Amino acid sequence: MRIIVIGSGLAGLTAALKLREAGHHVDIVTKGWGGLLLSSGTLDVYGWDKDGHPISDPYAEIEKLVAKEPGHPYASIGADAVREGVDWLCATTGLFAKPGKNVLIPTAIGAVRPTIAVQNTMVPSLMEDGKKFLVVGIRQFRDFPAAFIADNLARSPLAKVETRAVTISLAPRKPEADSTGTTFARAFDGTAGLDGPATRDSLINELRGHVRAGETILLPAILGFSPDAYQEIAAELGVPVGEVPVPPPSIPGRRINDVLIQLCHDKRVDISLNAEVIGFEADGGHVTALKVQRAGRVTTNKVDAVVYAGGGLESGTIQRDSYGDIRERVFDLPLTFLDAEDAETTGVTGSVIVDGKDLFGTGVSVNEDMLPLDGDRPVYDNLYLAGSIIGGARPWSEKSGEGIALGSAVAATRAILRRD
């Protein structure tokens with residue numbers, strides 16, 4: 001089968017690779033790189049319940065969730081597909097500690113959140129009773145306020161830990177006084193003309209005078225794109241060293257993205273970057289071709305199946321025009337909206353409420369094959385949806401984004417393979 005995947009985020013790359021592994025001809029069409037570059041680099045399946053309590057076993061809780069909310073994407077995806085997707089990504093990338101139940105990871109403001117899988121570099125950072133943390137800030141990296149983080153972690157009701165903070169000076173590229181995470185990662189790796197050994201030695205020498213016995217060092221997650229720099233730093237210091245996810249640009253997210261993109265190249269999955277699907281052809285309820293714009297030129301590409309993983313409102317796949325009308329931009333698929341949780345608190349929560357509906361909960365309903373629905377009827381029989389284009393969830397608050405992306409990619413792949 002000839003399959004086009006629209007989008008290069010976690011859902012799109014997963015679907016493309018799994019379909020290619022099954023022997024199909026797969027192309028990816030994407031306007032830009034996907035959301036992995038903005039992600040924390042952890043895998044969220046289901047973190048918080050509706051009352052704001054952390055969830056221990058997300059797979060078990062999915063069953064309870066869908067019983068209460070039959071419109072949630074997990075009702076169509078199923079816990080088994082989510083588990084397969086998480087296990088596949090961990091095994092494929094080699095970046096993650098073995099997933100089991102949710103663990104607690106610090107954030108760059110000292111909050112604590114649950115997630116099903118963290119990267120190996122983050123394992124020492126996990127919040128557990130009795131731990132002692134030395135939170136290390138870097139003057140030239142402004143997105144990791146060490147004293148603020150340490151104070152908040154010590155106050156967390158989810159784990160009893162001891163903390164203290166120190167701020168060091170480490171200039172990855174002189175005379176910069178404010179460097180990005182990407183610059184730091186390149187400096188630790190020794191790429192882009194930067195001196196990796198010298199940068200790593202500088203960090204190690206700065207930290208040796210501060211660490212105490214029994215402490216775990218917490219650093220911002222900027223310790224290189226490859227694992228070599230982290231491993232050398234931890235080995236030289238001789239104490240546990242853990243990374244903490246920080247705001248974008250995300251180095252842990254970039255690590256996942258780089259591995260999956262390289263796998264696409266290795267497996268001959270063609271990626272058309274700076275390309276956009278602007279239309280399609282269909283025979284009744286069957287998509288036969290996509291119209292793809294590349295460099296000002298439009299081509300018509302025949303397809304047997306399409307995996308639509310272009311994102312939702314945040315990526316422009318779902319658009320709101322100047323008249324307030326909201327639509328899916330390529331296939332004009334029917335949209336579903338979530339009711340506002342509390343319209344009076346929208347200024348605090350960041351929700352956008354229009355006519356009592358939460359715009360950030362906008363998306364398309366799907367069946368168990370990930371086919372888009374108009375009521376109970378599939379709109380097209382070979383158009384499969386994956387990722388945040390699927391509506392019915394609030395992944396930012398319940399922490400389910402990667403679970404929905406991976407699970408829907410697996411479910412869509414299964415459905416396509418059943419047709420083969």
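This note goes through the domains, salt bridges, backbone features and one pocket of a predicted model.

1. Domain layout. The domain assignment divides the protein chain into domain 1, made of residues 2–94 and 255–418, and domain 2, made of residues 108–244. Domain 1 is thus given as two segments of the chain, and domain 2 as one. Taken over C-alpha atoms, the centres of domain 1 and domain 2 are 33 Å apart. Domain 1 gives 18 residues to the contact, and domain 2 gives 16 residues.

2. Interface between the domains. The size of an interface is often given as the accessible area lost when the parts come together. For domain 1 and domain 2, the buried area is about 1,300 Å², with 54% of it on carbon and sulfur atoms. On the side of domain 1, the residues that lose the most area to domain 2 are Thr42, Trp48 and Arg255. Together these residues account for 45% of what that side buries.

3. Salt bridges across the interface. How many salt bridges does the rule find across the interface of domain 1 and domain 2? The count there is two. A salt bridge is also formed between Arg113 and Asp44, whose closest N and O atoms are 2.9 Å apart. By the assigned bounds, Arg113 falls in domain 2 and Asp44 in domain 1.

4. Salt bridges in the whole model. The rule gives a count of 23 salt bridges. One of the pairs is Arg2 with Asp27, with 2.8 Å between the closest N and O atoms. This pair links distant parts of the chain, 25 residues apart: Arg2 belongs to strand β1 (residues 2–6), and Asp27 to strand β2 (residues 25–30).

5. Backbone features to inspect. Most residues other than glycine have a negative phi, and most peptide bonds are trans. Against that background, three places deserve a look. The peptide bond joining Lys174 and Pro175 is cis, with omega about 5 degrees, and Pro175 is in the loop between β6 (162–168) and α6 (181–189). A cis peptide bond also runs from Pro248 to Pro249, where omega is near 5 degrees. Pro249 is found in the loop between β8 (241–244) and α9 (251–266). Met370, which is not a glycine, has a positive phi of about 65 degrees, and its loop is the one between β18 (357–363) and β19 (373–374).

6. The second largest pocket. This pocket has a volume of about 230 Å³. Its lining consists of 18 residues, and those nearest its centre are Pro70, Gly71, His72, Gly391 and Gly392. Two elements, α3 (73–77) and β16 (336–339), give two or more residues to the lining. Which element gives the largest share of the lining? That element is β16, with three residues. Sorted by class, the lining holds seven nonpolar, seven polar and four charged residues.

Technical notes:
Residues are numbered from 1 along each chain as its sequence is written. This is a predicted model: local features need pLDDT of at least 70, side-chain atom pairs count only at pLDDT 80 or more; totals for chains, interfaces and linings use all residues. Side-chain values use heavy atoms; hydrogens and water are left out. On a 1 Å grid over the protein atoms alone, a cavity is a set of points where a 1.4 Å probe fits but cannot get out, and a pocket is an open set with protein on both sides within 12 Å along at least five of seven lines; lining residues have an atom within 4 Å of a point. Grid points are joined across faces, edges and corners, and a volume is the space filled by probe spheres set on the points. Helices (H or I, at least four residues) and strands (E, at least two) are DSSP runs, numbered from the N terminus. Ala, Val, Leu, Ile, Met, Phe, Trp, Tyr, Cys and Pro count as nonpolar, Asp, Glu, Lys and Arg as charged, and the others, Gly among them, as polar. Domain bounds come from an automatic or database domain assignment. Contact means heavy atoms within 4.5 Å. Buried area is the accessible area (1.4 Å probe) that two parts lose on being put together, summed over both. A salt bridge is a side-chain nitrogen of Lys or Arg within 4 Å of a carboxyl oxygen of Asp or Glu.
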